Amino acid sequence: MTRRIITCPEDIDDNYRDIHLLTVDPYTIYRMYISLNSRDVIKTAFNFQKKLFDLNIGLAKGYNDSLSLAKRIGSLWKKELAQKENRGTKRMLLDLDTQEATHINGLMNYINEPSFLQNTKIHVVRPTVSGYHIVMDACDTRGLMKYCVEQQIPIDLKQLHRDSMLFIEQWKVDV
């Protein structure tokens, strides 16, 4: 597994090519995902400063845990970026586990109805290996989930307590 944190849109193409160059095993199926939500780097920086302050106190008092943490500052920053409270956007992922056109069309029609939630925006609908991923603004999904049960649409709502990953592509290395 490779994780990249991209800070500028200009770096996307280079990172995409680099990841493809890392794939060499012809017997492995590779998949690429991206994080669903952006990050608020300024908010993260303030929270990270608080953690560093606590770390400094621990180092001054000679705590072994603090010494261990001080040796991996980079991973502490990545961990802080991933925290729920540091999200820059609040989106959710609907994982539709079918490729039946009637299910996807019915679901899209339901979401786009004015009676659903007028401010809910669908950002992307992407095919996956087993169905579709639908990225939309966070909202009350009780009516949507009830509709899916009634229509027997196999759907999984990726909860907001963790950051979901949007499927981008799957590939194998040619021999």
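**Figure 1. Salt bridges across the predicted model.** A search of the whole structure turns up 4 salt bridges. Keep in mind that this is a predicted model. Three of the pairs are shown in the next views.

**Figure 2. Asp14 and Arg17 meet in a salt bridge within helix α1.** The N to O distance between these two side chains is 2.5 Å. Helix α1 covers residues 12-22, and the partners sit 3 residues apart in it, a separation of about one helical turn. Asp14 is partly exposed, at 40% relative accessible area. Arg17 is partly exposed too, at 46%.

**Figure 3. A salt bridge joins Lys51 and Glu80.** Here the N to O distance is 3.4 Å. Lys51 belongs to helix α2 (residues 41-60) and Glu80 to helix α4 (residues 73-81), so this pair ties together parts that lie 29 residues apart in sequence. Is Glu80 buried or exposed? With a relative accessibility of 3%, Glu80 counts as buried.

**Figure 4. Arg142 pairs with Asp140 in a salt bridge.** Their closest N and O atoms are 2.5 Å apart. Arg142 is exposed, with a relative accessible area of 65%, while Asp140 is partly exposed at 38%. For readers who like the background, side chains of opposite charge can pair when their charged atoms come close.

**Figure 5. Tyr30 and Trp171 form a stacked aromatic pair.** The count of aromatic pairs comes to 4. In the Tyr30 and Trp171 pair, the ring centres are 5.8 Å apart and the planes differ by 20°. Because Tyr30 lies in strand β1 (residues 29-35) and Trp171 in strand β6 (residues 165-172), the pair ties together parts 141 residues apart in sequence. Tyr30 counts as buried at 18% relative accessibility, and Trp171 is buried at 13%.

**Figure 6. Tyr33 and Phe167 meet edge-to-face.** Their ring centres lie 5.6 Å apart with the planes at 75°, so the arrangement is edge-to-face. This pair also links distant parts of the chain, with Tyr33 in strand β1 and Phe167 in strand β6, 134 residues apart. What about accessibility? Tyr33 counts as partly exposed at 36%, whereas Phe167 counts as buried at 6%.

**Figure 7. An open antiparallel sheet of 4 strands.** The strand order is β3-β4-β2-β5. At the edges are β3 (122-127) and β5 (155-158), each pairing on one side only. From one strand to the next, the twist averages 20°. Zooming in, β3 and β4 (residues 132-137) pair in the antiparallel sense over 5 bridges. Which residue of β4 is the bridge partner of Val124? That partner is Val135. As a reminder, strands of a sheet pair through backbone hydrogen bonds, either parallel or antiparallel.

**Figure 8. The largest nonpolar core has 19 residues.** The members that touch the most others are Leu94, Leu107, Ile111, Met136 and Leu144. Elements giving two or more residues to this core are β2 (91-96), α5 (101-112), β4, α6 (142-150) and β5. Which element provides the largest share of this core? It is α5, with 5 residues. A closer look at Leu107 shows its contacts with Leu96, Ile134, Leu144, Tyr147, Cys148 and Ile155, leaving aside residues up to four places away in sequence. More broadly, nonpolar side chains in soluble globular proteins tend to be buried together.

Notes: Residues numbered from 1 in each chain as written. Predicted model: local features only at pLDDT ≥ 70, side-chain atom pairs only at ≥ 80, totals over all residues. Heavy atoms only, no water. Pairing = 2+ DSSP bridges. Axes fitted to C-alpha atoms, helices over the stretch in contact; angles between N-to-C directions. Core = buried A, V, L, I, M, F, W, Y, C linked by side-chain atoms within 4.5 Å. Buried < 20%, exposed > 50% of the residue type's maximum accessible area, 1.4 Å probe, protein only. Contact = heavy atoms within 4.5 Å. Phe/Tyr/Trp six-rings, centres within 6.5 Å; stacked < 30°, edge-to-face > 60°.
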